[in-house]
Amino acid sequence: MARHIPFLTAGFVALALAACSTPEAPVEPAPAPQAESGERCVGLAAIRSTKVVDDSTIDFTMRDGRILRNTLPHACPSLGFEEAFTYSTSLSQLCSTDIITVVLQGGGPRLGASCGLGPFVPHTPIKSE
């Protein structure tokens, strides 16, 4: 039993020294990426037209001439191919918290995937758009 005491004592000394040492500073998490600034809602009466760019992007042309691009947080299946969507809102505005539903047009109108909108960000199209 005497042979184990030095090992136990050394173990306790190591633990005591570890407890007294200065702890490392906590690692700060990386800041969350900032959401692209833009309008959260647009009035329905202010929308002149819409243009589906792809499965994740819709351009809203406003009556005042501005184009507001809405980039969906997740791709919406068949949106870019069908280029048609519908929405339902009880308000007189469309907001980034609203859901759109793809309208499938082959063989008569049917409803496809439903997807959330993102913020409405001012957009200046380039000539190739």
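The exchange below covers the core, the aromatic pairs and one sheet of a predicted model.

In this predicted model, local features need pLDDT of at least 70 and side-chain atom pairs count only at pLDDT 80 or more, while totals for chains, interfaces and linings use all residues. Residues are numbered from 1 along each chain as its sequence is written, and side-chain values use heavy atoms, with hydrogens and water left out.

Trainee: Which elements give two or more residues to the largest nonpolar core?
Mentor: A nonpolar core is a set of buried Ala, Val, Leu, Ile, Met, Phe, Trp, Tyr and Cys residues joined through side-chain atoms within 4.5 Å. The largest one has 18 residues, and I58, F60, L72, L79 and I100 have the most contacts inside it. Strands here are DSSP runs of E, at least two residues, numbered from the N terminus. The elements asked for are β2 (47-54), β3 (57-62) and β7 (99-104).

Trainee: Which residues does L72 touch, not counting those up to four places away in sequence?
Mentor: Contact means heavy atoms within 4.5 Å. L72 is among the residues with the most contacts inside the core. Its list reads D55, S56, T57, I58, L79, I100, C115, G116, L117 and G118.

Trainee: Is F60 buried or exposed?
Mentor: Buried means under 20% relative accessible area, exposed over 50%, partly exposed in between (1.4 Å probe, protein chains only). F60 has a relative accessible area of 1%. That makes F60 buried.

Trainee: How do F60 and F85 pair?
Mentor: Rings of Phe, Tyr and Trp (its six-membered ring) pair if their centres lie within 6.5 Å; planes under 30 degrees apart count as stacked, over 60 as edge-to-face and the rest as tilted. F60 and F85 are 6.4 Å apart centre to centre, with 65 degrees between the planes. The pair is edge-to-face.

Trainee: How many residues apart in sequence are the parts that F60 and F120 tie together?
Mentor: The ring centres of F60 and F120 are 5.2 Å apart and the planes stand at 75 degrees, so this pair is edge-to-face. F120 is buried at 0% relative accessible area. F60 lies in β3 and F120 in β9 (residues 120-122), so the parts tied together are apart by 60 residues.

Trainee: Which strands stand at the edges of the open sheet β5-β7-β8?
Mentor: Two strands pair if DSSP finds at least two bridges between them. The 3 strands of this sheet pair in the antiparallel sense. Each edge strand has a single partner, so one side is left without a neighbour in the sheet. The edges are β5 and β8 (110-116).

Key: Helices (H or I, at least four residues) and strands (E, at least two) are DSSP runs, numbered from the N terminus.
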